[in-house]
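Please explain how the parts of this structure meet one another, taking the reader through it step by step.

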Amino acid sequence: MHNSTLGLIFSENPEANLGDLTNLRALAAVPVGGRYRIIDFILSNMVNTGIANVGITTTSKMQSLTDHLGTGKDWDLARKQNGLFILPHNEAYDSNKQYGVDYIYNAFSYLRRSRQDYVLVSDCNTICNLTYEDVEKLHMEKDADITMVYTKVGQIEDRRLKRHIFLDVDKDGRVTDMELYPTVQKLNNSYMHMFYIKKSLLLELVGDCIAHGKHKLNADLLMSNIDKLKIYAYEFEGYSKTIDNIKTYFGFNLDLLKKEVRDELFGTKDDDRIYTKVKDMVPTKYGKNSCVTNSIIADGCVIEGQVKNCIIFRGVKIGEGAVVENSIIMQNSQIMENCLVENAIFDKEVILREGKKLVGQETYPVIIGKRVVV
Amino acid sequence: MRSKECVAMILAGGQGSRLGALTKKVAKPAVPFGGKYRIIDFPLSNCTHSGIDTVGVLTQYQPLELNTYIGSGQPWDLDRKNGGVYVLPPYVSAEKGEWYKGTANAIYQNIGFVDQFDPEYVVILSGDHIYKMDYAKMLKAHKKANADATIAVIEVPWDEASRFGIMNTDENLKIVEFEEKPKKPKSNLASMGVYVFTWKVLKKYLIEDEKDVNSDNDFGKNIIPKMLENGKKLMAHRFDGYWKDVGTIQSLWDANMELLDDAPAMNISDKDWRIFSKNPAKPPHYISNTAVVKNCYITEGCEIDGMVEHSILSEGVVVEEGAKIIDSVILPGAHIGRDAVIKKAIVGTGAVIGKNVKIGTEEIGAIEDFVNTKICAADITLVAPEVKIKDDVAIAKNSMVTKSIKA
């Protein structure tokens, strides 16, 4: 597969809204899971499949993402041939008004120049540990034009329905209908925003969309071609979670407290690891009076207080007597002595001074922006 | 090859036989330390921070793991176009081929390597010490004194001085005499095994030393005394930071435990002098509802359901519910079974400890077959890498468990 396929990842998704967390950074660069950024999962999946050429579309909020990715060496993508390509956005458009088709159109010269004949197009914000060999196999077996990846879901609450695209799939695995953000749920095959396609066909379809003033990837490029093309669907049966708002962001992080999710997502073998930028932090130091339960803790922290049901990122300091529960504390934040923090998300480098209290609601966590000192 | 002012050569060929089972399959510099590091990370990181970007690592004993570990040198920023890190094993040439006979011979055999960079100075380092040192300062002192050689020295307690190579100096720190392990030391300035030489002087001495059939081809025994004899200018350079030779199980255990002191003698979390290492791609560690962790260092990939107190856990260690780890160092990927008790032990890489096993116990009836006070002094127990110990076994303290105990 590695010789014939390149990856194309969108670093933004207009349908996702993470509020303050994406004020200054791309969706793909939002920190998750203690030491990762959202993009690490999809990028590692591609690398673990053997894809050696990955293009990442960007918008004007690309700084934090490009800092994170660097030359791509942490994903083994710093190559002479192929490797990692940051695809700059087109200044002529307002980023907010660009859709998937425009992003691909902007990447035309990169796509044309690449030697690979197939493209795996993917959003960045569906988190899973999926290697694509079986997707490609299905695609070839069925002689498909496009193969879309989906997962089975149960009953979705009404207000979450507007976040789902459902596929109607016949016995042969062929997509016969698509429902975009329906108001009533009739299907349970939820599209994971990844599809596999021959490069020449992708270029042709995108060109056609642009020529007809159509910009939406799902509606214009995929849905309107269901009858014209052979579109097949591949079912992914593992854990997956789409991060598209604060609630799903919080939920994903807390899912990591479950062993079966960790084992699946982070892999237990050496060929399905999730890679990220290496920081050379020391191991985490636990103090004599620390009390930590049910938490994920990254390297470089100094924990003197109490931590329960938390995700603690690299280099966080939690002082003696402090109590931190049900919270996500990002890189280099400091919670000083005798503070109380519940149901909160701290962005990077937040400082909470001695004895302060910050309590959010379980359903509505409080978010403290980057470098805020409370 | 672009010329370099200074090239570093790290002597990493030693077996480290006093580390017993830990160095059966790996060279001493590749032994894990402090949860995330290998011993060689210290000299390599020191080189990078001191601005030395050309480093030769001389390997000989069990080099596979060390070679794999160093790789391209990227973790230490030593993957350079000009310079970088080079692993230098002994080799066969048209005339002859031989092992490195001694420390000086190892450098002698690599004169060609050093000459490529045409350096003014070479720094000779040992790959078995834990310390953070700015070699640039030492090089500056060497240049200022216009010395032929400068040797880093550290003050050691007088009663221990007879275990070291001792430098007797005048008031300006000019070395007047060198005594290897003197019975009655005249000074307590011990050599740290860190040397700066003016290359063209050293080269001449290495060539002469090679011709001397009676020589042990060793820096301490031959090169330094010869230079002193010939009236060369040898200077001592005082170092007053933390320095530890982790050549024995006890000193390795001590050095690990010292990281947990209230005010550790060496700060490994100094942002300006980070110790670089090869990072595994592992998730952050997880501490469960049944876990108790106090006064310890824990790193990536660990899953903790038991109790860990005053201990250091390396990456990927699993501690099951009810297990207790006290005063111990657990190396990468070890698995500690339910209700096991590990006391004052070093548990090797990938070891699997069964349920209810007791390691380092004083209880009557414990297995004493592995007791080895030569390697494991001071009540420390060592479990060799990859050893599997079946459920309900008790291992007496001071043991070195070198083979699996199977059901």
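**Between the domains and between the chains**

Across the interface of domain 1 of chain A and domain 2 of chain A, in what is a predicted model, the rule finds 2 residue pairs in polar contact, both residues of a pair being at pLDDT 80 or more. On the side of domain 1 of chain A that touches domain 2 of chain A, at least two residues each come from β2 (31–32), β3 (36–37) and α9 (246–255) of chain A, and α9(A) gives the most, with 5 residues. Sorted by class, this side of domain 1 of chain A has 10 nonpolar, 3 polar and 5 charged residues.

The two domains themselves are set by the domain assignment of chain A, which gives domain 1 as 5–266 and domain 2 as 285–368, and their C-alpha centres lie 32 Å apart. The contact between them takes 18 residues from domain 1 of chain A and 19 residues from domain 2 of chain A. About 1,600 Å² is buried between these two domains, and carbon and sulfur atoms give 70% of that area. Of the area that domain 1 of chain A buries against domain 2 of chain A, 36% is supplied by A:Gly34, A:Phe250 and A:Leu257, more than by any other three residues. The count of salt bridges between the two domains is 1; A:Asp347 forms a salt bridge with A:Arg25, and the closest N and O atoms of this pair are 2.7 Å apart.

We turn now from the domains of one chain to the meeting of two chains. Here 33 residues of chain A are in contact with 36 residues of chain B, and the area buried between chain A and chain B is about 3,000 Å², of which carbon and sulfur atoms give 49%. The rule finds 21 residue pairs in polar contact across this interface, with both residues at pLDDT 80 or more. The elements that give two or more residues to the side of chain A that touches chain B are α10 (259–266), β14 (284–286), β15 (291–293) and β16 (295–297) of chain A, and by class that side has 14 nonpolar, 9 polar and 10 charged residues.

Between chain A and chain B the count is 4 salt bridges, and the side chains of A:Arg262 and B:Glu303 meet in a salt bridge at 2.6 Å, N to O. Strands also pair from chain to chain, as 3 bridges join β16(A) to strand β14 (residues 285–287) of chain B, and the two run antiparallel. Within this pairing, A:Ile296 has B:Tyr286 of β14(B) as its bridge partner.

Note on methods: Residues are numbered from 1 along each chain as its sequence is written. Chains are lettered from A and ligands numbered from 1 in the order in which they are written. Side-chain values use heavy atoms; hydrogens and water are left out. Contact means heavy atoms within 4.5 Å. Buried area is the accessible area (1.4 Å probe) that two parts lose on being put together, summed over both. A polar contact is a pair of N or O atoms within 3.5 Å; within protein, one must be able to donate a hydrogen and the other to accept it, and residues adjacent in sequence count only if both atoms are side-chain atoms. Helices (H or I, at least four residues) and strands (E, at least two) are DSSP runs, numbered from the N terminus. Ala, Val, Leu, Ile, Met, Phe, Trp, Tyr, Cys and Pro count as nonpolar, Asp, Glu, Lys and Arg as charged, and the others, Gly among them, as polar. Two strands pair if DSSP finds at least two bridges between them. Domain bounds come from an automatic or database domain assignment.
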